[in-house]
Amino acid sequence: MTTPVFQRLCLIGAGLIGSSIARRNRERGDLAGEVVVTARSAATLARVRELGFADRVEEDAAEAVKDADGVIFCVPVGAYAGVMRHIAPHLAPGAILSDVGSTKGSVIRDLLPLCPPGVRLVPAHPMAGTEHSGPDAGFPTLFEGRYCIVTPLPNGDPQAVEKVREFWRRCGSAVESMDAATHDKVVAIVSHLPHLIAFTICGTADDLSEETRESVLKFAASGFRDFTRIASSDVAMWRDVFLNNREAVLEMLARFTEDAHAFGRAIRWGQEEFIVDRIQRGRKIRRSLIERKQA
């Protein structure tokens, strides 16, 4: 049998990502010898016990991380600093600390200064998800065929980095590495901006007069339904994403706004070539994603 990556893995948070990691290990057994789960909500912990995907459930995060050689933050990024202040004195020497957040600059900002000597921080971001959240939402194949981006610290421990990379390979992910600043710009355009647009479009529809809004909901086409799927994502997670990747999101939003205005001008002035070019470029991007098996 393959030796697990970690002997004892503590998952802080049991939402879609955390519960999927635990389920993956329950099915394959090659991620950790023991999975300990902790969460802030008593209802969440009770549900984790009912579902049975954790080896041990702890109410207190400080107790949960004791003797764990791997600890992964699976909570909204805005909660990282508070959780870290609570668990830092109880982290085992030599433990690897990682996360699944979709911002990386803020993770390093909030966790690194609080890391005890000997604890090795290796931020990571599995680029997989659904619009569902909570311990019932997870499934063991969530990460298969999806990218996981690891953002090692400039002077990070190479062995710890490789261990985290191997962890995500065993989850089924294709693993890439990049620096935190580049990561945050990339996800701002491929993930954060699309969510911002989806939330905005649904808000615009909701602000319409009652009669028009009912018609929108009644006759919603597939394009609008796709936006509503994205817009139904977890509130706390996305609030924290926007607030903790502020600069990159605003930069990409400014570029998008300029392009949207240009498209609007083309429609106003009947600039057919411009309109056709934008549609063709969209089709090209879609074909590229299909070829890369990302769609």
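This note goes through a predicted model, from the overall dimensions of the chain to one strand of its sheet.

1. Overall size. The chain has 295 residues and a radius of gyration of 21 Å; a compact globule with that number of residues would have a value near 19 Å, so the two agree. Along the principal axes, the C-alpha trace spans about 65 × 40 × 35 Å.

2. Secondary structure and contacts. The chain holds 12 helices and 9 strands. Taking contacts between residues at least 6 apart in sequence, 75% join residues at least 24 apart.

3. Burial and surface. Of the 295 residues, 44% are buried. The exposed area of the chain is about 15600 Å², and 54% of that area comes from carbon and sulfur atoms.

4. Charge. The chain carries 37 positive and 38 negative charges. The mean positions of the two sets lie 3 Å apart.

5. The sheet. Six strands form an open sheet in the order 3-2-1-4-5-6, and the pairing is parallel. Its edges are strand 3 (56-58) and strand 6 (120-121), each of which pairs on one side only. In general, strands of a sheet pair through backbone hydrogen bonds, in either a parallel or an antiparallel sense.

6. Neighbours of strand 4. In the sheet order, strand 4 sits between strand 1 and strand 5. Strand 1 (residues 6-12) runs parallel to strand 4 and is joined to it by 4 bridges. On the other side, strand 4 and strand 5 (residues 96-99) also pair in the parallel sense, over 4 bridges.

7. Residue register. Which residue of strand 4 stands opposite leucine 9? That residue is glycine 70. Towards strand 5, valine 71 stands opposite leucine 97, and phenylalanine 73 has aspartate 99 as its bridge partner.

8. The two faces of strand 4. Which residues of strand 4 (residues 70-73) point one way, and which the other? Gly70 and Ile72 point one way, while Val71 and Phe73 point the other way. This is the pattern of a regular strand, where side chains alternate between the two faces of the sheet. Are these four residues of strand 4 buried or exposed? Gly70, Val71, Ile72 and Phe73 are all buried, each with under 20% relative accessible area. Strand 4 therefore has buried residues pointing both ways, as buried here refers to that cut-off.

Methods. Residues are numbered from 1 along each chain as its sequence is written. This is a predicted model: local features need pLDDT of at least 70, side-chain atom pairs count only at pLDDT 80 or more; totals for chains, interfaces and linings use all residues. Side-chain values use heavy atoms; hydrogens and water are left out. The radius of gyration is taken over C-alpha atoms; the globule rule is 2.2 Å times the number of residues to the power 0.38. Buried means under 20% relative accessible area, exposed over 50%, partly exposed in between (1.4 Å probe, protein chains only). Contact means heavy atoms within 4.5 Å. Accessible areas come from the Shrake-Rupley method with a 1.4 Å probe; for residues, only the protein chains shown count as cover. Lys and Arg count as positive and Asp and Glu as negative; His and the chain ends are not counted. The place of a charge is taken as NZ of Lys, CZ of Arg, CG of Asp or CD of Glu. Two strands pair if DSSP finds at least two bridges between them.
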